[in-house]
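Thanks for coming. I will take a few minutes to walk through one structure, starting with the whole chain and then moving to particular residues.

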Amino acid sequence: MFAPSSACLIMHSFAPGVYAAFRARDLALLDAHRGVYFCLPDAADKIRSAGSTACWIEPSLAAELEGAGLLARGPGAPAPHLPDKPIRDLRRLSTRTGLLRNAATWCWALRAGHRFNRIDFAQVIADVQAARPVPCGADEQNLEPAVAAFGAILPWLPFQGQCLYRSYVLLSVLRRCGHDATLVLGFRTWPFEAHSWLQIGDLVLDDTVDRLERYTPILAV
C-alpha cells in the first residue's frame, strides 16, 4: 500500500464528472463527459483514501492522471451514492400485455431510441438526471405491466443488445407510464467490460441478479 511522505503530501480529488471504483486491487475510472472508461491494474498500491472527497496518490500516477484531465488538486465533491447489489429480478415476469399497450410502448421506445442515437454519453446522463415523475419505487406494484410491454416489443427494436441503449429506452418508457428507476453503470475486470442496468431498491428490471454478480457499480443516476 502506498504511504505518502512529506515530499509528496499533495491532496487530490477526481475531476468533476470523473467517477472511481475499486474492484479488488484494480481501479476503474469513468469520465462521464467523454463516455470513456479507464482501468488501472493494482492501483490499490498507489492510492490511499483521505476521506470521501480526496485521496493521496503516488506522484508519478498523479501526474499521468492530471495530464489526462482526470484529476484535480485539493478536495472535491462527495462521491455519489451507489446502491447495494440487487437481490431480485423480473426473470419470471409473465404479465400479459394488450395490443394497445404494446403499440404505445413501441412508439415511446422508437422516439427514445431515436434520441439516444443523436446524443452523446454526457447528454444520456443529463437526460436520466432530468426531473423525475415520481420517487423511485413509489409504484412498484404496478410496474410489471410496463416492463412486460417493453419486453414484448424489444426483439423488434434496433440495438437491443446494447445495454445502455436498452436501459435508456426502458427508462423513457417507464417515465411515460409514471414510473422511475435508477440507472446504474458498472464494470468488471479481466477482461474489462462496462455494463449498465435499471434498478429500484433491490430489484433489477432489465437484467438478472446472477449476471450482475460479475459487475461493480461505479455510478448511479
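Overview, then side-chain pairs

Arg-25 is where I will start with the details, and this residue is partly exposed, with a relative accessible area of 39%. Before that, the overview. Please keep in mind that this is a predicted model.

The protein chain has 6 helices and 12 strands. It runs to 221 residues, and 43% of them count as buried. If you take the contacts with a separation of 6 or more, 69% of them come from residues 24 or more positions apart. The exposed area of the protein chain is about 11300 Å², with carbon and sulfur atoms supplying 55% of that.

Now the charged pairs. Side chains of opposite charge can pair when their charged atoms come close. In this structure there are 8 salt bridges, and I will show three of them.

Back to Arg-25, then. Its salt-bridge partner is Asp-45, and the closest N and O atoms are 2.1 Å apart. Arg-25 sits in the loop between strands E2 and E3, while Asp-45 sits in the loop between strands E4 and E5, and the two are 20 residues apart. Asp-45 is partly exposed too, at 34% relative accessible area.

The second one joins Asp-31 and Arg-34, with 2.5 Å between the closest N and O atoms. Are these two residues buried or exposed? Asp-31 is buried, because its relative accessible area is 5% and the cut-off for buried is under 20%. Arg-34, at 46%, is partly exposed.

The third is between Asp-202 and Arg-88, where the closest N and O atoms are 2.8 Å apart. Asp-202 is in the loop between strands E10 and E11, and Arg-88 is in strand E8, so this salt bridge ties together parts that are 114 residues apart in sequence. Both ends are partly exposed: Asp-202 has a relative accessibility of 28%, and Arg-88 has a relative accessible area of 34%. There is also a network, in which salt bridges with shared partners join Arg-25, Asp-42 and Asp-45.

Next, the aromatic rings. How many aromatic pairs does a search of the whole structure find? The search gives 4. One of them is Tyr-37 with Phe-192: the ring centres are 5.8 Å apart and the planes are at 55°, so this pair is tilted. Tyr-37 is in strand E4 and Phe-192 is in the loop between strands E9 and E10, which puts them 155 residues apart. Phe-192 is partly exposed, with a relative accessible area of 34%.

Phe-116 and Tyr-168 make another tilted pair, at 5.4 Å centre to centre and 55° between the planes. Here the link is between two helices, with Phe-116 in H2 and Tyr-168 in H5, 52 residues apart. Phe-116 and Tyr-168 are both buried. As for clusters, ring pairs link Tyr-37, Phe-187 and Phe-192.

Last, a single residue, Ser-13. You will find Ser-13 in strand E1, which covers residues 11-14. Ser-13 is buried, with 6% relative accessible area. A polar atom of the Ser-13 side chain lies 3.5 Å from the backbone nitrogen of Gly-76. Leaving aside residues up to four places away in sequence, Ser-13 touches several others, including Thr-53, Leu-71 and Pro-75.

That is what I have. Questions are welcome.

Conventions:
Residues are numbered from 1 along each chain as its sequence is written. This is a predicted model: local features need pLDDT of at least 70, side-chain atom pairs count only at pLDDT 80 or more; totals for chains, interfaces and linings use all residues. Side-chain values use heavy atoms; hydrogens and water are left out. A salt bridge is a side-chain nitrogen of Lys or Arg within 4 Å of a carboxyl oxygen of Asp or Glu. Helices (H or I, at least four residues) and strands (E, at least two) are DSSP runs, numbered from the N terminus. Buried means under 20% relative accessible area, exposed over 50%, partly exposed in between (1.4 Å probe, protein chains only). A polar contact is a pair of N or O atoms within 3.5 Å; within protein, one must be able to donate a hydrogen and the other to accept it, and residues adjacent in sequence count only if both atoms are side-chain atoms. Contact means heavy atoms within 4.5 Å. Accessible areas come from the Shrake-Rupley method with a 1.4 Å probe; for residues, only the protein chains shown count as cover. Rings of Phe, Tyr and Trp (its six-membered ring) pair if their centres lie within 6.5 Å; planes under 30 degrees apart count as stacked, over 60 as edge-to-face and the rest as tilted.
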